Amino acid sequence: MTIESNDLQLHTRIAKSGILIKELIAFFRGKCSNCGHQKIMHDEFGKCEGVMNKPCNSGCDNFNPE
Ligand SMILES: [Zn+2]
Ligand SMILES: [Zn+2]
């Protein structure tokens, strides 16, 4: 399976979900309310991996929104 077909499958799944690609991009470019880094720097558990090789110590992974 080529990378291109994986991309195509993901695009198809995103399209079926009703989410627009531009909405996803806007979401991931948005800032984390806890540490202020872009959401794209965070993993699936919400833990921030930091930027420019500097670890983020804001504790996003155990942040509980009120
Ligand atoms: Zn964060
Ligand atoms: Zn961070």
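**Exposure, backbone and contacts after α2**

Met 52 counts as exposed, because only 4 C-beta neighbours are found inside 10 Å of this residue, and a residue is called exposed if 12 or fewer other C-beta atoms lie within that distance of its own. The model in which this is seen is a predicted one, and in it Met 52 lies in the segment after α2, the helix that spans 21-29. The backbone at Met 52 is also notable, in that phi is positive, at about 55 degrees, although the residue is not a glycine. Most residues other than glycine have a negative phi.

A further case is provided by Asn 53, which likewise has a positive phi, here of about 65 degrees, without being a glycine. Asn 53 is placed in the segment after α2, and with 5 C-beta neighbours inside 10 Å it counts as exposed.

For the protein chain as a whole, the secondary structure consists of 2 helices and 0 strands. The chain has 66 residues, of which buried residues make up 3%. With regard to contacts in the protein chain that have a separation of 6 or more, 12% are accounted for by residues 24 or more positions apart.

Cys 48 is placed in the segment after α2, and Cys 48 counts as buried because 23 C-beta neighbours are present inside 10 Å, where the cut-off for a buried residue is 20 or more. When the neighbours within four places in sequence are left aside, the residues in contact with Cys 48 are Cys 32, Cys 35, His 37, Met 41, His 42, Cys 56, Ser 58 and Cys 60. The relation of Cys 48 to Gly 59 can be given as a distance: these two residues are 11 residues apart along the chain, and their C-alpha atoms are separated by 7.8 Å.

Ser 33 is also found in the segment after α2, and since 10 C-beta neighbours lie inside 10 Å of this residue, Ser 33 counts as exposed. Ser 33 can be related in turn to Cys 60, one of the residues in contact with Cys 48: Ser 33 and Cys 60 are 27 residues apart in sequence, while the distance between them in space, taken from C-alpha to C-alpha, is 9.2 Å.

Taken together, the segment after α2 holds the buried residue Cys 48 as well as the exposed residues Met 52, Asn 53 and Ser 33.

How values were computed: Residues numbered from 1 in each chain as written. Chains lettered and ligands numbered in written order. Predicted model: local features only at pLDDT ≥ 70, side-chain atom pairs only at ≥ 80, totals over all residues. Helix = DSSP H or I, 4+ residues; strand = E, 2+ residues; numbered from the N terminus. Contact = placed C-beta atoms within 7 Å.
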